[in-house]
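Reader: I should be grateful for a close look at a single part of this structure. Please begin with one turn and the elements on either side of it, and then follow their contacts outward in one connected account.

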Amino acid sequence: MILEIVSPEATLFQGEVTSVTLPGEIGSFQILNNHAPIVSTLKQGTVKIVAPNFKLNKEVASKFNTLSNSIFTLEIASGTIEMRDNKIIVLAD
C-alpha cells in the first residue's frame with residue numbers, strides 16, 4: 001500500500017509500506033494492506049511505519065527515527081488520516 005505523509009511545510013514521505021500504526025484520538029490503531037476505508041483524527045504521538053524500502057529526502061530525514069532496517073517513527077502533534085483503495089494520506093502537524 002502507498003503512504004503519503006504531508007505537513008504544512010512539505011511532503012515528508014511518499015512510498016510503499018507494509019503497515020502504519022497511528023495515534024488515534026481514542027487509541028492507537030494499525031493499518032495493513034486492504035484495510036477498510038477510514039477517516040480519523042490523530043492526536044499527539046508516534047506514527048510507526050514498517051517499510052522494507054524506506055527512502056527519505058535529505059531535507060526531512062531528521063524528522064524520522066530509525067528503529068530497525070524497516071521500522072521508522074515520526075512524532076506528530078496532531079493530524080488527520082484517510083485510507084482508501086490501499087492509499088493512506090496523513091496530514092500531520
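**The β9–β10 hairpin and its surroundings**

Author: D85 is found in the loop between β9 and β10. The model in which it is described here is a predicted one. Strands β9 and β10 form a hairpin with 2 residues between them, and D85 belongs to this turn. The phi of D85 is near 55°, a positive value in a residue other than glycine. Most residues other than glycine have a negative phi. With a relative accessibility of 71%, D85 counts as exposed, because the limit for that class is over 50%.

A second residue may be set beside D85. N34, likewise not a glycine, has a positive phi of about 65°. N34 is found in the loop between β4 and β5, the latter covering residues 38-42. Its relative accessibility is 60%, so N34 counts as exposed.

The two arms of the hairpin come next. Strand β9 comprises residues 79-84 and pairs with β10 in the antiparallel sense over 6 bridges. Within this pairing, M83 stands opposite I88 in β10. Strand β10 also pairs with strand β1 (residues 2-6), and here 5 bridges join strands that run parallel. In that pairing, L3 stands opposite I88. I88 therefore has a partner in β9, namely M83, and another in β1, namely L3, given that strands are paired here through DSSP bridges.

Which residues of strand β10 form its covered face, and which its uncovered one? In this strand, residues 87-92, the covered face consists of I88, V90 and A92, while K87, I89 and L91 make up the uncovered face. In a regular strand the side chains alternate between the two faces of the sheet.

K87, on the uncovered face of β10, takes part in a charged pair. The structure holds 2 salt bridges. In one of them the side chains of K87 and E4 meet at 3.5 Å, N to O. This pair links distant parts of the chain, with K87 in strand β10 and E4 in strand β1, 83 residues apart. K87 has a relative accessible area of 32% and is therefore partly exposed, whereas E4, at 15%, is buried. The dividing value is 20%, so the two residues fall into separate classes. Side chains of opposite charge can pair when their charged atoms come close. Another salt bridge joins the side chains of E82 and R84, at 3.9 Å, N to O. E82 is partly exposed, with a relative accessibility of 29%.

I88 and V90, from the covered face of β10, lead into the interior. The largest nonpolar core has 25 residues, and L3, I5, L22, I49, I81, I88 and V90 touch the most other members. The elements that give two or more residues to this core include β1, β9 and β10, together with β2 (11-16), β3 (19-24), β4 (27-32), β6 (45-50) and β8 (71-76). In soluble globular proteins, nonpolar side chains tend to be buried together.

From this core, I49 offers a route to the aromatic residues. Leaving aside residues up to four places away in sequence, I49 touches L3 and I5, and also V17, S19, F54, F64, S70, I71 and F72. F54, F64 and F72 belong, with F13, to one aromatic cluster.

A search of the whole structure finds 3 aromatic pairs. The rings of F13 and F54 have their centres 4.6 Å apart and their planes at 15°, so this pair is stacked. F13 lies in strand β2 and F54 in the loop between β6 and β7 (64-66), so the pair ties together parts that are 41 residues apart in sequence. F13 is buried, with a relative accessible area of 3%, and F54 is buried at 13%. F54 also pairs edge-to-face with F64, at 5.5 Å centre to centre and with 65° between the planes. This second pair links F54, in the loop between β6 and β7, to F64 in strand β7, 10 residues away. Both F54 and F64 are buried.

Strand β8 completes the account. In the pairing of β7 with β8, 3 bridges join antiparallel strands, and F64 stands opposite L74 in β8. The hairpin formed by β7 and β8 has 4 residues between its strands. Strand β8 is also joined to β6, antiparallel, by 6 bridges. There, the bridge partner of G45 is I76.

Methods:
Residues are numbered from 1 along each chain as its sequence is written. This is a predicted model: local features need pLDDT of at least 70, side-chain atom pairs count only at pLDDT 80 or more; totals for chains, interfaces and linings use all residues. Side-chain values use heavy atoms; hydrogens and water are left out. Buried means under 20% relative accessible area, exposed over 50%, partly exposed in between (1.4 Å probe, protein chains only). A salt bridge is a side-chain nitrogen of Lys or Arg within 4 Å of a carboxyl oxygen of Asp or Glu. A nonpolar core is a set of buried Ala, Val, Leu, Ile, Met, Phe, Trp, Tyr and Cys residues joined through side-chain atoms within 4.5 Å. Contact means heavy atoms within 4.5 Å. Rings of Phe, Tyr and Trp (its six-membered ring) pair if their centres lie within 6.5 Å; planes under 30 degrees apart count as stacked, over 60 as edge-to-face and the rest as tilted.
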